[in-house]
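The following exercises ask the reader to examine a protein model and to work through each solution in order. Please keep the sequence and the three-dimensional view at hand.

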Amino acid sequence: MNVKIENSWKQLLEEEFSNPYFKELVTFVKTAYQTNTIYPKGEHIFRAFDLCPVDQVKVIILGQDPYHGPGQAHGLSFSVPEGVSFPPSLLNIFKELKNDLDIPLPSHGNLEKWAKQGVLLLNATLTVEAHKAGSHQQKGWENFTDAVVKKLAQNKAHLVFMLWGAYAQKKAGMISDTKHLKLHAPHPSPLSAHRGFFGCQHFSKTNDYLIKNGQQPINW
């Protein structure tokens, strides 16, 4: 796995790439791709970054793992390629969008349109073994994605962090309350969406905040 990442991210995260933990992570991931079925494809590991350069980031939606079924993961949290049926969490995201902003359910679950408008769709772990949820946790990816959140929070102002579920909310402590908007809700999975994800209105709250701070709202 050659670390090919969009240039502005390469500069922002330079220290991470030379850190011993990252070198160990690269070795682990390379071996994993050679010996098992791993998602997403190697060239899609850093897709969230490639579609959303540092200076364009406005919103961060944190996921946990890539999807671990065939054909689902393509490097963006919660997103699936066109032609793949909606995973339950993504369907619930679209239902909340309908409730919040009256946006009809789309014909596909590819969220590249969001990424290209400044929504960083970031999973805490960027690779996973097929059919084994959480299999690449605690290998170094969390250190890397923690650094992404910290650097964005330090170097930019008026970002919106959508923190869905306990896993994402662990990163809240790295984010200043005065410089940024942090939106908390239960995870959109069917197990927890009814506990407050539905009705959270995060999409309208995000756009209100962006407009208030002189930025273009997201066309969800």
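**Exercise 1. The annotated residue**

At which residue does UniProt place the feature "active site"? Locate that residue, decide whether it is buried or exposed, and list its contacts.

*Solution.*

Step 1. The structure shown is a predicted model. The unreviewed UniProt entry places the feature "active site" at Asp65.

Step 2. In the chain, Asp65 belongs to the loop between β2 (59–63) and α5 (88–101).

Step 3. The relative accessibility of Asp65 is 17%. Buried means under 20% relative accessible area, and therefore Asp65 counts as buried.

Step 4. Leaving aside residues up to four places away in sequence, Asp65 is in contact with Asn123, Thr125, Val128, Ala133, Gly134, Ser135 and Gln137.

Step 5. One of these residues, Gly134, can be examined atom by atom: its backbone nitrogen lies 2.4 Å from a polar atom of the Asp65 side chain.

**Exercise 2. Two pockets**

Describe the largest pocket and the second largest pocket by volume, by lining residues and by residue class.

*Solution.*

Step 1. The largest pocket has a volume of about 290 Å³. The second largest pocket has a volume of about 170 Å³.

Step 2. Nineteen residues would be tedious to list in full; of the 19 that line the largest pocket, Gln64, Asp65, Pro66, Tyr67 and His187 lie nearest its centre. The annotated residue, Asp65, is thus found among those nearest the centre of the largest pocket.

Step 3. Sorted by class, the lining of the largest pocket comprises seven nonpolar, eleven polar and one charged residue.

Step 4. The second largest pocket is lined by Phe94, Leu97, Ile103, Pro104, Pro106, His108, Asn110, Leu111, Lys113, Trp114 and Trp220. At least two residues of this lining come from α5, and at least two from α6 (112–115).

Step 5. The lining of the second largest pocket divides into eight nonpolar, two polar and one charged residue.

**Exercise 3. A helix and its cover**

Which residues of helix α9 are buried, and what covers them? Examine Thr206 as an example.

*Solution.*

Step 1. Helix α9 spans residues 202–212, and its buried residues are His202, Phe203, Ser204, Thr206, Asn207, Tyr209 and Leu210.

Step 2. The cover over these buried residues includes β2, α5, α6, β5 (160–164) and β6 (181–185).

Step 3. Thr206, which is located in α9, has a relative accessible area of 0% and is therefore buried.

Step 4. Not counting residues up to four places away in sequence, Thr206 touches Val59, Val160, Met162, Leu183 and Trp220. Trp220 also appears in the lining of the second largest pocket.

Step 5. After α9 comes Gly214, which has a positive phi near 75 degrees.

**Exercise 4. An enclosed space**

How many cavities of 30 Å³ or more does the structure hold? Characterise the lining of the largest cavity.

*Solution.*

Step 1. Rolling a probe the size of a water molecule over the atoms shows where empty space is left.

Step 2. The structure holds one cavity of 30 Å³ or more. The largest cavity contains about 80 Å³ of space.

Step 3. The lining of the largest cavity consists of 14 residues, with Ile45, Gly75, Leu76, Asn123 and Leu126 nearest its centre. Asn123 is also one of the contacts of Asp65.

Step 4. Both α4 (47–50) and β3 (119–123) supply at least two lining residues; the largest share, three residues, comes from β3.

Step 5. By class, the lining has ten nonpolar, four polar and no charged residues.

Technical notes: Residues are numbered from 1 along each chain as its sequence is written. This is a predicted model: local features need pLDDT of at least 70, side-chain atom pairs count only at pLDDT 80 or more; totals for chains, interfaces and linings use all residues. Side-chain values use heavy atoms; hydrogens and water are left out. UniProt positions are given in the numbering used here, feature names are shortened, and annotations may be inferred rather than shown by experiment. Helices (H or I, at least four residues) and strands (E, at least two) are DSSP runs, numbered from the N terminus. Buried means under 20% relative accessible area, exposed over 50%, partly exposed in between (1.4 Å probe, protein chains only). Contact means heavy atoms within 4.5 Å. A polar contact is a pair of N or O atoms within 3.5 Å; within protein, one must be able to donate a hydrogen and the other to accept it, and residues adjacent in sequence count only if both atoms are side-chain atoms. On a 1 Å grid over the protein atoms alone, a cavity is a set of points where a 1.4 Å probe fits but cannot get out, and a pocket is an open set with protein on both sides within 12 Å along at least five of seven lines; lining residues have an atom within 4 Å of a point. Grid points are joined across faces, edges and corners, and a volume is the space filled by probe spheres set on the points. Ala, Val, Leu, Ile, Met, Phe, Trp, Tyr, Cys and Pro count as nonpolar, Asp, Glu, Lys and Arg as charged, and the others, Gly among them, as polar.
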